[in-house]
Amino acid sequence: AKCARVDSGAWIGPTAVVEEGAEIGPGAFIGPGCIVGSGCSIGESSRLVARVTLCARTLVGKRVLLHPGAVIGREGFGFAKDGERWVRIPQLGRVILEDDVEIGANTTVDRGTLGDTVIAAGAKLDNLIQIGHNCRIGENTAMAACSGISGSTEIGRNCTIAGAVGMAGHLMIGDGVHF
């Protein structure tokens with residue numbers, strides 16, 4: 001079995017779980033009740049406040065802040081119709097949170113179907129946001145609470161998404177756009 005690698009300068013809180021193959025960098029803070037799945041990587045000085053779940057193979061950059069209840073890297077809502085029933089399509093991608101990303105309480109970011117879901121450097125996501133599979137949120141984009149972004153939507157750099165904005169899937173939003 002592959003052991004987890006935890007830097008001696010990291011802090012792991014009570015009842016936290018760090019699964020095999022995970023890597024936790026220097027100065028990282030893994031708060032109480034967090035789950036760090038197999039193959040996850042957490043960069044230097046990142047902070048998982050409490051009850052954060054990182055599903056398998058999620059990559060977290062440096063100085064990332066994840067607030068309580070965030071779930072990063074779960075399987076996306078990927079289904080195909082087979083006659084009258086829905087059949088799950090495996091979600092094989094990852095989530096990548098680049099440096100200086102902040103994600104609010106109870107926000108979820110789904111992993112990609114084949115490629116990765118990416119939250120680019122400096123992006124700020126408020127509480128209660130849903131990011132679907134295969135999305136890309138551009139650098140320094142800010143999103144307010146209760147926004148929902150459907151799968152395969154790309155949002156450019158330096159955008160502002162106000163509270164309760166919903167976007168359909170497969171959209172391409174340019175840089176500097178404000179909703």
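This is a short tour of a predicted model, with selections to make at each stop.

**Stop 1: the eight-strand sheet**

Select strands S2, S5, S8, S11, S16, S19, S22 and S25. Together they form an open sheet, in that order, with parallel pairing. Now colour the two edges. These are S2 (11-12) and S25 (160-161), and each pairs on one side only. Move to the S25 edge. Strand S22 (residues 142-143) runs parallel to S25, and two bridges join them. Pick Met143 and look across: Ile161 in S25 stands opposite.

**Stop 2: S9, S12 and S17**

Select S9 (residues 53-54) and S12 (residues 71-74). They run parallel, joined by two bridges. Add S17 (residues 108-110). S12 pairs with S17 as well, in the parallel sense, over three bridges. Which residue should you click in S12? Try Val71, the bridge partner of Thr53. Val71 also has a partner in S17, namely Thr108.

**Stop 3: the cysteines**

How many disulfides does the structure hold? Zero. Select Cys3 to check. The nearest cysteine sulfur belongs to Cys40, 16 Å away. A disulfide needs the two sulfur atoms within 2.5 Å, so Cys3 is in none. Turn on the surface: Cys3 is exposed, because its relative accessibility is 65%.

Jump to Cys40. Its nearest cysteine sulfur is that of Cys55, at 7.6 Å, and Cys40 is in no disulfide either. Is Cys40 buried or exposed? Buried, at 1% relative accessibility.

**Stop 4: salt bridges**

There are eight salt bridges in the structure. Visit three of them, beginning with Asp82 and Arg85. Their side chains meet at 3.8 Å, N to O. Asp82 is partly exposed at 45% relative accessibility, and Arg85 is exposed at 52%.

Next, select Arg94 and Asp116. The closest N and O atoms of this salt bridge are 2.7 Å apart. The pair links distant parts of the chain, 22 residues apart. Arg94 sits in the loop between S14 (85-88) and S15 (95-97), while Asp116 sits in the loop between S17 and S18 (117-119). Both count as partly exposed: Arg94 at 25%, Asp116 at 27%.

Finally, select Arg157 and Glu139, whose side chains form a salt bridge at 3.8 Å, N to O. Arg157 is in the loop between S24 (154-155) and S25, and Glu139 in the loop between S21 (136-137) and S22, so the pair ties together parts 18 residues apart in sequence. Arg157 is partly exposed, at 38%. Glu139 is buried, at 19%. Add Arg136 to the selection: Arg136, Glu139 and Arg157 are linked in a network of salt bridges.

Methods
Residues numbered from 1 in each chain as written. Predicted model: local features only at pLDDT ≥ 70, side-chain atom pairs only at ≥ 80, totals over all residues. Heavy atoms only, no water. Pairing = 2+ DSSP bridges. Helix = DSSP H or I, 4+ residues; strand = E, 2+ residues; numbered from the N terminus. Buried < 20%, exposed > 50% of the residue type's maximum accessible area, 1.4 Å probe, protein only. Salt bridge = Lys/Arg side-chain N within 4 Å of Asp/Glu carboxyl O.
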